[in-house]
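Work through the two exercises below with the sequence and the model side by side, and try each task before reading its solution.

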Amino acid sequence: MFLIVGLGNPGRQYAATRHNMGFEVVDKLAHDWDVKIKASKFDAYSGETFIMGHKVVLVKPTTYMNLSGRAVRDFVRFFKMPQEDFASKLIIVYDDTDLACGKIRVRVRGSAGGHNGMKNILYTLETEDFVRVRIGVGKRPEGWTQADYVLSRFGKDEEDEAVRGIIAAAKAVEDIIHHGVDFAMNKHNPAQKPLL
């Protein structure tokens with residue numbers, strides 16, 4: 001079973017903000033796979049389908065970003081997902097201000113990188129071993145607080161890149177399901193420049 005969790009904040013005022021890129025990717029996958037996303041008994045909207053014989057659960061936590069781990073923990077427990085599966089089948093999709101707008105990166109393990117939703121997931125699950133699909137939303141401009149920046153909407157000059165990032169992240173999730181994490185990392189991660 002694959003558990004795909006897109007991070008974001010519920011409510012119309014947060015729609016289409018930089019911090020809601022995870023929600024956008026889950027919505028894109030739900031559209032592509034014809035999955036109905038609806039309120040669950042946990043603090044989330046969710047939907048289920050089967051891809052290549054694998055059960056796939058899409059989740060959008062409604063706890064607000066800083067408590068995202070609660071919903072992740074509840075779904076992991078409900079589906080009895082063993083911790084040894086996290087590094088290949090628990091996929092967290094979220095925004096990243098360290099990546100250029102629209103760029104994506106697939107990783108297994110690592111720190112939260114200053115992302116409050118990820119900090120809460122790491123704290124709640126008590127492990128770093130799960131898949132992350134990060135979507136670049138651009139570097140915070142000088143004079144902005146981090147909170148104001150991630151809760152802002154994309155400028156006209158960024159909208160095309162943001163949409164490309166959503167599409168690329170959704171494709172990366174599909175590649176993880178079809179071909180595994182290593183394949184997705186090799187395909188979607190930017191090539192590393194050689195050290196001089």
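**Exercise 1.** Describe how helix α1 and helix α6 pack, and state which residues make the contact.

*Solution.* Begin with the elements: helix α1 spans residues 21-33 and helix α6 spans residues 159-179, where helices (H or I, at least four residues) and strands (E, at least two) are DSSP runs numbered from the N terminus. Their axes lie 9 Å apart at an angle of about 60 degrees, the axes being lines fitted to C-alpha atoms over the stretch in contact, with angles running from 0 to 180 degrees between N-to-C directions. The crossing of α1 and α6 is right-handed, that is, the near helix is turned clockwise from the far one by less than a right angle. On the α1 side the contact (heavy atoms within 4.5 Å) is made by M21, E24, V25, K28, L29 and W33, and on the α6 side by A162, I166, I167, A169, A170, V173, E174 and I177.

The model is predicted, and its local features need pLDDT of at least 70, side-chain atom pairs count only at pLDDT 80 or more, and totals for chains, interfaces and linings use all residues. Residues are numbered from 1 along each chain as its sequence is written, and side-chain values use heavy atoms, with hydrogens and water left out.

**Exercise 2.** Place strand β4 among its partners, β1 and β3.

*Solution.* Strand β4 covers residues 54-61, and six of its eight residues are buried (under 20% relative accessible area, with a 1.4 Å probe and protein chains only). Strand β1 (residues 2-6) pairs with β4 in the parallel sense over four bridges, pairing requiring at least two DSSP bridges, and L3 stands opposite V57. Strand β3 (residues 44-51) pairs with β4 in the antiparallel sense over eight bridges, with I51 opposite H54.

Note on methods
Buried means under 20% relative accessible area, exposed over 50%, partly exposed in between (1.4 Å probe, protein chains only).
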